[in-house]
Amino acid sequence: MDTNITKLFAIKYPIIQGGMIWNSGWRLASAVSNAGGLGLIGAGSMYPNVLREHIQKCKAATNHPFGVNVPMLYPNIEEIMQIILEEGVKVVFTSAGNPKTWTEILKKEGITVAHVVSSAKFALKSQEAGVDAVVAEGFEAGGHNGREETTTLCLIPNVRRQIDIPLIAAGGIGTGSQILAALALGADGVQIGSRFAATRESSANQTFKEVIVKAQEGDTQLTLKELAPVRLIKNEFFDQIQEKYRLGTNAEELKELLGRGRSKKGMFEGDLIHGELEIGQVSALIDSIPTVAEVFDDLLIDYKHAKEKLLQL
């Protein structure tokens with residue numbers, strides 16, 4: 001599977017691990033990189049000093065490329081970027097913000113930059129901002145998502161028509177056959193989140209991992225569009241959101257209900273009732289909590305079988 005993405009990041013397989021908050025610590029990132037993909041540390045759930053610790057531990061745990069995912073809406077973004085520069089991180093994925101803000105600064109330091117988008121319009125803006133690659137994330141994805149609700153099946157070929165730089169498909173990808181489909185649609189690689197969230201190396205709480213395994217089709221839904229669209233597993237907190245909508249609500253009321261630390265409470269601390277449980281639709285296909293190495297074995301075997309099946313048509 002040699003593609004523009006394997007060449008760009010100097011990795012064996014065009015498989016990127018999503019930099020998910022409360023899931024993507026150094027253990028997960030280093031395990032993915034050691035398996036031949038590109039592991040990402042999720043800076044969105046880390047104070048700056050914690051991020052520095054995870055970067056240092058990841059460097060000690062792998063000799064392969066890894067990166068950091070940085071949501072640009074966080075207030076301490078400048079301190080986070082300074083740590084990334086000081087620690088010599090070579091790959092940064094930015095999201096939730098304008099790619100022009102940091103791309104030039106990072107690239108001047110020799111850092112490879114990718115930006116996450118949910119539409120062809122913003123993919124083109126990212127290319128114009130000078131990023132090295134774009135992650136186009138479809139409606140199926142877990143966590144924060146696009147308001148457009150464009151599925152990966154429609155998004156990837158549309159983005160491919162708009163940009164010339166390497167394209168990474170994300171959203172609803174968790175099997176080898178889905179990787180093959182993404183490549184067929186024009187992607188150069190894939191970013192996988194939910195499948196890696198439910199691995200032994202994920203920093204998520206074990207009870208949250210077990211909920212992912214139990215999730216069935218229809219158990220997740222995109223909500224809170226008035227704040228920042230997010231796909232959640234339906235639980236008591238989700239029901240409280242829906243009740244607000246039923247009665248008629250506004251952004252301020254939803255912000256008050258959300259409060260602070262909901263995602264940490266759910267995914268990191270394991271509060272399945274009051275916590276925010278972010279996961280993608282592909283969770284319905286996840287039925288085990290393996291190691292990262294086992295996930296890669298499964299992905300590659302399924303990819304090979306799917307490709308052989310297509311060649312027989």
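## A walk through the chain

Start with everything shown: of the 313 residues of the protein chain, 54% count as buried. Keep in mind that this is a predicted model.

**The whole chain.** Colour by secondary structure and you should find 14 helices and eleven strands. The radius of gyration is 18 Å, close to the 20 Å the globule rule gives for 313 residues, so the chain is as compact as a globular protein of that length. Turn the C-alpha trace around and it spans about 50 × 50 × 40 Å along its principal axes. Now switch on the surface: its accessible area is about 14,200 Å², with 50% of that belonging to carbon and sulfur atoms. As for how the chain meets itself, take contacts between residues at least 6 apart in sequence: 62% of them join residues at least 24 apart.

**Into the core.** Hide the surface and select I15, I41, I55, V68, V70, I84 and F196. These are the residues with the most contacts inside the largest nonpolar core, which has 69 residues. Next, select residues 292-311: this is helix 14, which gives the most to this core, with six residues. Try colouring domain 1 (4-203 + 286-312) and domain 2 (206-282) separately, as the core draws at least three residues from each.

Zoom in on V70. Leaving out residues up to four places away in sequence, V70 touches A43, I77, I80, M81, I84, V92, F93, T94 and S95. Then pick I11, L38, L40 and A114, which are among the 14 residues of another core, lying apart from the largest one.

**A small sheet.** Which strands should you select for the open sheet with the order 7-11-10? There are three of them, strands 7, 11 and 10, and their pairing is antiparallel. Strand 7 (143-144) and strand 10 (220-223) stand at the edges with a single partner strand each, so one side of each has no neighbour in the sheet. Look along strand 10 and strand 11 (residues 230-233), and you can follow four bridges between them. One pair to label is T220 with its bridge partner in strand 11, I233.

**Last stop: G280.** Stay with T220 and look for G280, one of its contacts. G280 sits in the loop between helix 13 (262-268) and helix 14. Is G280 buried or exposed? Its relative accessible area is 2%, so it counts as buried. Besides T220, and leaving aside neighbours within four places in sequence, G280 is in contact with E140, A141, G142, S194 and R231. To finish, draw a distance from G280 to Q191: their C-alpha atoms are separated by 12 Å, with their positions 89 residues apart along the chain.

Notes:
Residues are numbered from 1 along each chain as its sequence is written. This is a predicted model: local features need pLDDT of at least 70, side-chain atom pairs count only at pLDDT 80 or more; totals for chains, interfaces and linings use all residues. Side-chain values use heavy atoms; hydrogens and water are left out. A nonpolar core is a set of buried Ala, Val, Leu, Ile, Met, Phe, Trp, Tyr and Cys residues joined through side-chain atoms within 4.5 Å. Buried means under 20% relative accessible area, exposed over 50%, partly exposed in between (1.4 Å probe, protein chains only). Helices (H or I, at least four residues) and strands (E, at least two) are DSSP runs, numbered from the N terminus. Domain bounds come from an automatic or database domain assignment. Contact means heavy atoms within 4.5 Å. The radius of gyration is taken over C-alpha atoms; the globule rule is 2.2 Å times the number of residues to the power 0.38. Accessible areas come from the Shrake-Rupley method with a 1.4 Å probe; for residues, only the protein chains shown count as cover. Two strands pair if DSSP finds at least two bridges between them.
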